[in-house]
Every structure is written in C-alpha cells, then in structure tokens.
Amino acid sequence: MMEQRLTTTCEMSLLQAFIDHRTLLVNIAARITGCHSRAEDVVQDAFFRLQAAPAITSSLKEQMGYLLRVVRNLAIDHYRKQAVEQRYCSHEDEDLQQVVDGATPQDTHLNRVTLDLVEHALGELPSRTRYAFEMYRLHGVPQRTLALELGVSPTLVNFMVRDALVHCRRASGDLLVA
C-alpha cells in the first residue's frame, strides 16, 4: 500500500517534498560527509539548486529519487573537497592556536615573548642563512637538498643552520631545545 502511495501522481511541488523530508536528507548527507553540520550545509546547497530544478510532479517516488540523487551528489562533492583541503592545506594556524595542557598565563606570555625574540633574531640574519634555517628546522627540508638549491656544500648549510640556532639562543636569553 505504501508503494502504491509513492507511485501515484503527486500534486506536491519538489520544494515541498524537500521541506517535508529534510531530516531524511540531512541524515543521508551526514552518512556521507561524516559530520552533521556539513550535512546541513549540503542540504542547504541542495535547496538552492532545487529552486531552479524542473517541476517533477509525477510521483512522490520520482521526486524523492531526484532529491536523494541531488543530496547524495552534493555530499560526495563536499566530502571530496574536504579530503583535498585536508591533504593540501596546512593547519599551521590551528596548531598555533592550540592550548597546551597545564600552561599558565605566565607560561603562555613567556612563550610568546620568546617567539617574538626569536623572530626578531631571525630577521637579523643574512637572508640565505635565515632561509636555510627555516627550511631545515621548520619545514624539514634535508640539508643536502638545501645545499643543491643554494649552490653550496652540505657542510656550509650545516654551519648556517648552526649559526642561526646559536644566534636565536643568544637573542632569547635562554637555551632553546636543539
């Protein structure tokens, strides 16, 4: 009997079917995206796309099929976009904003002052030395690769990194972890 109700012609508009079955559409999108708030975004995108959709009034089954296909495709697109962003986007800003467990306000202030001193000290270095230090210590580029890029020996790169670290230690007034 339920199947008969779904296949009979329906005078309900596609947008009305969307509104009536919104919770189902959000749940389907959430299974694909893995996040309820992203699923809400997907369903909202679907709503805007459906405003320009053709009028499907033949049956509720066809309307639901169309709605489910639109939401499913958008959810897959959102999931893929999120995967690409996570793969290629750096989360350095997020890492900088994380709270260290047990850090007091004084520790946080001291750490920020030290970072400011180190940043200033790096600004005092020759550009090639600073570049070698940042690429090796912050980005993990091997010293041999840096040597080829800079056109110098790996030993010289090692000395530039060491000199930059010593300069930063002096500027900060305490020993940084090597």
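**Entry 1: a pair of adjacent residues**

I began with Arg 162 and Asp 163, whose side chains meet in a salt bridge at 2.9 Å, N to O. The model I am reading is predicted. I looked up the exposure of both partners. Arg 162 is partly exposed, with a relative accessible area of 43%. Asp 163 also counts as partly exposed, at 39% relative accessibility.

**Entry 2: the other salt bridges**

How many salt bridges does a search of the whole structure find? I noted three. One of them joins the side chains of Glu 40 and Arg 22, at 2.3 Å from N to O. I then placed both residues: Glu 40 belongs to helix H4 (residues 36–50) and Arg 22 to helix H3 (residues 22–33), so this pair ties together parts that are 18 residues apart in sequence. For exposure I recorded 24% relative accessibility for Glu 40, which counts as partly exposed. Arg 22, at 35%, counts as partly exposed.

I next turned to Glu 134 and Arg 130, whose side chains meet in a salt bridge at 2.7 Å, N to O. Both lie in helix H8 (residues 127–138), and because they are four residues apart there, about one helical turn separates them. Glu 134 counts as partly exposed at 21% relative accessibility. I entered Arg 130 as partly exposed at 27%.

**Entry 3: confidence along the chain**

I checked how far the prediction can be read. The mean pLDDT of the protein chain is 79, and 79% of its residues reach 70 or more. Which elements have the lowest and the highest mean pLDDT? Helix H1 (residues 2–7) has the lowest, 44, and H9 the highest, 90. Over residues 1–10 pLDDT stays under 50, and I noted that the model has 17 contacts beyond four places in sequence for them.

**Entry 4: Gln 143 in H9**

I then looked up a polar residue, Gln 143, which lies in helix H9 (residues 143–150). Is Gln 143 buried or exposed? At 18% relative accessibility, Gln 143 counts as buried; the cut-off for buried is under 20%. Leaving aside neighbours within four places in sequence, I found Gln 143 in contact with Tyr 136, Pro 154, Val 157, Asn 158 and Val 161.

**Entry 5: helix H5**

I compared the expected and modelled spans of helix H5 (residues 60–88). Its 29 residues, at 1.5 Å a residue, should span 42 Å, and its end C-alpha atoms are 42 Å apart, which agrees. I also listed the buried residues of H5: Leu 60, Gln 63, Met 64, Leu 67, Val 70, Val 71, Leu 74, Ala 75 and Gln 82.

**Entry 6: the nonpolar cores**

The largest nonpolar core has 19 residues, of which Phe 18, Ala 29 and Leu 67 touch the most other members. I asked which elements give two or more residues to this core. They are helix H2 (14–20), H3, H4 and H5. H5 supplies the largest share, seven residues.

I followed Ala 29 further. Apart from neighbours within four places in sequence, Ala 29 is in contact with Ala 39, Val 42, Val 43, Val 71 and Ala 75. Of these, Val 71 and Ala 75 are among the buried residues of H5.

Finally, I recorded a second, separate core of 17 residues, which includes Leu 146, Val 161, Leu 165 and Cys 168. Val 161 had already appeared in my notes as a contact of Gln 143.

How values were computed. Residues are numbered from 1 along each chain as its sequence is written. This is a predicted model: local features need pLDDT of at least 70, side-chain atom pairs count only at pLDDT 80 or more; totals for chains, interfaces and linings use all residues. Side-chain values use heavy atoms; hydrogens and water are left out. A salt bridge is a side-chain nitrogen of Lys or Arg within 4 Å of a carboxyl oxygen of Asp or Glu. Buried means under 20% relative accessible area, exposed over 50%, partly exposed in between (1.4 Å probe, protein chains only). Contact means heavy atoms within 4.5 Å. pLDDT is the predictor's confidence in each residue, from 0 to 100. The expected span of a helix is 1.5 Å times one less than its number of residues. A nonpolar core is a set of buried Ala, Val, Leu, Ile, Met, Phe, Trp, Tyr and Cys residues joined through side-chain atoms within 4.5 Å.
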